[in-house]
Each structure stands twice: as structure tokens, then as C-alpha cells.
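The following account leads the reader through a structure, beginning at its ligand and proceeding to its nonpolar interior.

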Amino acid sequence: MGKVIVITSGKGGVGKTTSTANLGTALAMISKKVVIIDADVGLRNLDVVMGLESRVVYTSMDVIEKRCELEKALVKDRRVEDLFLLAASQRNRKDDIKPEQMLDICERLKEIYDFVLVDSPAGIEQGFHNAAAGAEEAIIITTPDVSAIRDADRIIGLLQNQDIEPINLILNRLSPTLVKKGNMISKNDVLDILNIDLLGIVPEDPGVIASTNRGVPLVHNDGSPGADAYMRIARRMIGQRVPIPEMRDDNFFSNILKWFSRNK
Amino acid sequence: MNFKNIFTRKAKTSNIATQRLKLILTQDRFDVSDDSMQKLQVELTEVLAKYFEFTMNSVKMSLKRDGNSYVLMADFPFKQLKKSS
Ligand SMILES: Nc1ncnc2c1ncn2[C@@H]1O[C@H](COP(=O)(O)OP(=O)(O)OP(=O)(O)O)[C@@H](O)[C@H]1O
Ligand SMILES: [Mg+2]
């Protein structure tokens, strides 16, 4: 029996879809059977970020309205074993789907797959409730700024009311240089304020946009800081004890060098 | 290297952000207005002022999440206990 995990944030544009694509791919790379579900009905994106848009034939709406079997609606990712996408309908609206229908899809998928990751839309309305309907666990994505953290707090409250547990945090787009300069809220302050467990930190990485544009999740090209972060998070999700590296200031060594050369 | 920060001790953006965030979340979580938090703070201070000597504007209040419930945290730094008359 697998796990259904909703990936959500409250605020838009903080990295839910990027995280779903990369964690789904990373989990499949470490031999798990994975389905990623796009729950952003009407504004679907996960297929594009995954580079699978040209192969989507059916959507969750077709499954719900019985135009197609669930198995047949899953798009297989040919780059890794056992990774599938269930796309969202682009023509429908978020309230065309009911929570019970999402729950049913998730229940059936977790019989077969180890991980069912649900990419939630932004907001706290119907779309979010549908995305969370089948989930027993949640991953909150936030960026280190006041408005994203405020929305994350709101979402955590809603999820706790639905007895979703554990709720873990991914801190996205952290820039060590900005934290050092005192321009960004630090990891410890975020954790102290939200009071949930940290699953991982994903640094600001220009590779993310390039990978979205090419339709190849970052974790396919190892070596980038973002890919490394997502691989670590995936390992933590399967219960391995992988430490969360303390972020080193990129400019630490270059600063020291500059200082020495100036004082020569 | 920047030694200036160490000496000037200007309020950092990150500290301002953290303080603002704590205040906003306290209001969100309580679902109360800034006014009622202020009122609570004044009333609590009045009660405590019977026993402690402290300055009103050093008081800080916030809410911390603890599983399904919240903990009200209040810092009342005081100078000394008042002698009971
Ligand atoms: N770690 C990162 N480094 C750099 N850019 C990032 C990072 N994470 C996300 N981004 C960029 O931020 C933008 C939003 O990301 P994404 O679409 O994953 O967010 P989302 O939360 O799914 O948004 P929405 O709420 O609209 O669904 C994208 O352009 C993405 O490339
Ligand atoms: Mg998205």
C-alpha cells in the first residue's frame, strides 16, 4: 500500500509543480513506483514541466466521467522505470471535480504505486480541497518571504483540521548570499514560526527555469545544486537518514580571496 | 569584509521580516484585529503591573503553533518585583 502526498503552498508560484516533477522523478530513479497527479484543473502545467505534454490523451476528468479506464489515462515517462503522470483537464474548472472523486482515484492508485504525489493549485478554495482530499500526508512548499510563509501557515492550519499528518516543509529558493546579508528570513526563523518538520532546502538555482523550458526535470542532470537537493529529499522520503546540508555562502571563499588580495 | 554592520547594528531586513511575520500570524491565527491584541496586551500589562515594575513598550506577544493548538507567548521583561505593601 502506497502513500498519497499532497504538495501544496497557499501562495502561487513558489515551486509546487517544480517540486512534484522533481520528487516524482527522483523517487522513480531510486526504484519506487510513482504516479504524479496534476490537480490544477484549468491551469495544468505538470505535463509541460515534465515534457510529457505531447503524449497526454486522457485526463482525470475522462476517468471521473468514465470515458476511460484509470490505467489508460496514465502517461508513462519513458526516461525512468515506473513513473506515470495523470494530467488535469484544461477545459474544465476546479469545481467540476468533487473531493470524493479525487479520493477515489487516489485510493485506487495507492493500491499499486508506492507514491502518489498530488500537485495542488494555489489558493485555499475548492481546487486545494480536491488536491488534499485523497492525501494522508502533505509537503508544504514555501519561499523565505513574509507573504509565502503567511499563506503556508494558513494551509498548515487547514491540513491539520483534516488530520493530515505528517506535514513537512520544503524551503525553496533559499539564497545563502541573501541570508548572510540579512535580506532573507533564515531557515531557523521559518521553522520556528511554522513549527513543522523540515524535509529539505532547495536553493535558488537558475537550472530550474532551463529545465522547465526544456521539459526535462532537473534531477535528470545531476550536479546542479537543485538536483542534488531534490535527490536528497527523495531519499529522506523513503526513510533514509540523509542529512540536510547547512547552506554555505557561495561567496564565502571568494570573499576571503578578495579580502586577502586587498590586504596584500 | 564588512565590519560596519557589527558596529552600527542597524535593524536587518530579515529581523524586520521575522517580527512582522510573527505579528501577522498572531492576528491570522487568533482571527483578531490589531486592536484586540493591543487591548489584551494593555490589560495583561495592567494586571502584571501590580506585581512587577516594567516598561510598557518592552512587552512582546505572539502565538506559537503546537500541533493542533497554539501557545500564547508573552515576554514581560521586568526590572524588579514590587514589594507587597
Ligand atoms: N529553486 C528554484 N530556483 C529558481 N527558480 C525556481 C525555483 N523553484 C521554482 N522556480 C521558478 O519559479 C516559477 C514557479 O514555479 P512552479 O511553477 O513550480 O510554482 P507553483 O507553485 O507550481 O506555481 P502555481 O501556484 O502557479 O502552480 C517557475 O518559473 C520556476 O522555474
Ligand atoms: Mg503549479
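In this predicted model, an N or O atom in the side chain of Asn172(A) lies 2.9 Å from a nitrogen atom of ligand 1. The protein covers 80% of the 640 Å² of accessible area that the ligand has on its own. Two further polar contacts involve the backbone: an N or O atom of the Gly13(A) backbone is 2.9 Å from an oxygen atom of ligand 1, and a backbone N or O atom of Gly15(A) is 3.0 Å from an oxygen atom of the ligand.

The surroundings of ligand 1 comprise 18 residues, of which Gly13(A), Lys16(A), Thr17(A), Thr18(A) and Asn172(A) come nearest. By character, this shell consists of six nonpolar, seven polar and five charged residues. At least two shell residues are supplied by each of four elements of chain A: helix H1 (16-29), strand S7 (167-174), strand S8 (197-203) and helix H10 (207-214).

Attention now turns to the nonpolar interior. The largest nonpolar core contains 53 residues, and the members that touch the most others are Ile37(A), Leu109(A), Val118(A), Ile140(A) and Leu159(A). Helix H7 (residues 146-161) of chain A contributes the largest share of this core, namely six residues.

Val118(A) illustrates how such a member is surrounded. Leaving aside residues up to four places away in sequence, Val118(A) touches Val4(A), Ile5(A), Val6(A), Ile7(A), Ile37(A), Ala39(A), Met102(A), Cys106(A) and Ala131(A). Separate from this core is a second one of 36 residues, with Ile36(A), Leu85(A), Ala87(A) and Ala229(A) among them.

How values were computed: Residues are numbered from 1 along each chain as its sequence is written. Chains are lettered from A and ligands numbered from 1 in the order in which they are written. This is a predicted model: local features need pLDDT of at least 70, side-chain atom pairs count only at pLDDT 80 or more; totals for chains, interfaces and linings use all residues. Side-chain values use heavy atoms; hydrogens and water are left out. A residue is near a molecule or strand if one of its heavy atoms lies within 4 Å of it. A polar contact is a pair of N or O atoms within 3.5 Å; within protein, one must be able to donate a hydrogen and the other to accept it, and residues adjacent in sequence count only if both atoms are side-chain atoms. Accessible areas come from the Shrake-Rupley method with a 1.4 Å probe; for residues, only the protein chains shown count as cover. Ala, Val, Leu, Ile, Met, Phe, Trp, Tyr, Cys and Pro count as nonpolar, Asp, Glu, Lys and Arg as charged, and the others, Gly among them, as polar. A nonpolar core is a set of buried Ala, Val, Leu, Ile, Met, Phe, Trp, Tyr and Cys residues joined through side-chain atoms within 4.5 Å. Buried means under 20% relative accessible area, exposed over 50%, partly exposed in between (1.4 Å probe, protein chains only). Contact means heavy atoms within 4.5 Å.
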